[in-house]
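This report describes the surroundings of a bound ligand and the packing of one helix. The sequence and structure follow.

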Amino acid sequence: MNALLQRLQIDLPLFQGPMTGSDTPQLAAAVSQAGGLGFLGCGMRSPQAMREAAAAVRAATAKPFGMNLFVLEQPTPDAATVQAAIDRLAPLYADLGLPPPEAPARWCEDFHAQFEALLDARPAVASFTFGILSAAQVRRLKDEADSYVIGTATTLAEAQAWAEVGADAVVASGMEAGGHRGTFLEDFEASMVGTLALVPQCVDALSIPVIAAGGIMDGRGIAAAQALGAQGVQLGTAFLACPESAIGPAQRTAMAGAQATDTRVTRIYSGRPARGLVNAMMERLAMHEAAVPAYPVQNALTGALRRAAAAQGRADYLSLWAGQGVGAARPLPAAQLVALLAQEWRDVSKSTAARH
Ligand SMILES: Cc1cc2nc3c(=O)[nH]c(=O)nc-3n(C[C@H](O)[C@H](O)[C@H](O)COP(=O)(O)O)c2cc1C
């Protein structure tokens, strides 16, 4: 795992995965300061918010960190599709004492403006999900911002596509992972490949480093990823439990009692398959799974509901993103978690070596 560490100037090949809406500059800075690589998930941050978040990380640490974007174009859904989605959501809004949602002026942040803000912020690492950059965009990140460019892949074909546009590395994200599937080439269902299957396929086929993501919660998971040939690991769910993350008390309580079997992959919150804890909202909208409009339309229409649920401390109408490893999450301060993961990883590696 040494080449990656040297290039990124970090001590541990351990990434705190970007977590749009749930990561904070404090979390990213703590992980980077502890020797890993902290990330800011900027998918829903405005260019101004991106600048502020990057400045906040830099105020807290001089160590490198990463920024992540959703590769996404502004959709143009037809009015009937939007109205049907609003009608399905209206009873849930009413439950929280809110009027039905309205179609917003725009459905998501402007990716191209975010991309320019990313170039200005010059993060050590720029990573992407939900789509793929052009070779020219990858070139710009390297030339203008000196960023190390990482693409997210959920299949071997996606990993190869990122290698072809010149990415420096890929995150191979298995279906165990919490949050949204990054799938952009093939059918979502066919792209539900597990980490143990996906990582070695990518390692064998690519000449760039592969970072394993999905279901890694402790030193055993890191050692296993290393044995599969990964040069680094990216953990989301494990860091979500840290006090520095942005999740509220209702979500923390829900996570604390949860097991792998409490998670499902669903489109109902956002229109893009994502893994989270089953709650009342997921169950009430399950029958509409196929009908909800694609990301980011449904995501925008459920946004006010989820924000209100968070403010009211109601886990039943929140999106409780979490991966299959959720039962092993440890609510430790991020620096302590990084130190513990590193220690466990060393211990497992030593005992595995001793057995041979
Ligand atoms: C709450 C949450 C939000 C996430 N948001 C993003 C994101 O904005 N961009 C991204 O590339 N990955 C995102 N992910 C994926 C993580 O960065 C990471 O790859 C994944 O969580 C690894 O799997 P694990 O949850 O089993 O550790 C998110 C994950 C979670 C749990």
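## Helix α11 and the ligand shell

In this predicted model, the cover over the buried residues of helix α11 includes α10 (237-240) and β11 (274-277). Helix α11 itself spans residues 249-256, and its buried residues are A250, Q251 and M255. These three lie on the same side of α11, because they cover an arc of only 130° around the axis. The other side of α11 carries the exposed residues P249, T253 and A256.

The second topic is the ligand. There are 19 residues around the ligand, and those that come nearest are P18, T20, N68, G215 and T237. By class, the shell around the ligand comprises seven nonpolar and twelve polar residues, with no charged residues.

Backbone atoms of three glycines are paired with oxygen atoms of the ligand as follows.

| Residue | Protein atom | Ligand atom | Distance |
|---|---|---|---|
| G178 | polar backbone atom | oxygen | 3.0 Å |
| G215 | polar backbone atom | oxygen | 2.7 Å |
| G236 | backbone N or O | oxygen | 2.9 Å |

Taken alone, the ligand exposes 610 Å², of which the protein buries 95%. Two elements, β3 (65-70) and β9 (232-235), give two or more residues each to the shell around the ligand. G215 appears both among the residues that come nearest to the ligand and in a backbone pair at 2.7 Å from a ligand oxygen.

Key. Residues numbered from 1 in each chain as written. Predicted model: local features only at pLDDT ≥ 70, side-chain atom pairs only at ≥ 80, totals over all residues. Heavy atoms only, no water. Buried < 20%, exposed > 50% of the residue type's maximum accessible area, 1.4 Å probe, protein only. Helix = DSSP H or I, 4+ residues; strand = E, 2+ residues; numbered from the N terminus. Arc of directions from axis to C-beta. Contact = heavy atoms within 4.5 Å. Near = heavy atom within 4 Å. Polar contact = N/O pair within 3.5 Å; in protein donor to acceptor, adjacent residues only side chain to side chain. Areas by Shrake-Rupley, 256 points an atom, 1.4 Å probe, with all protein chains shown as cover. Nonpolar A, V, L, I, M, F, W, Y, C, P; charged D, E, K, R; others polar.
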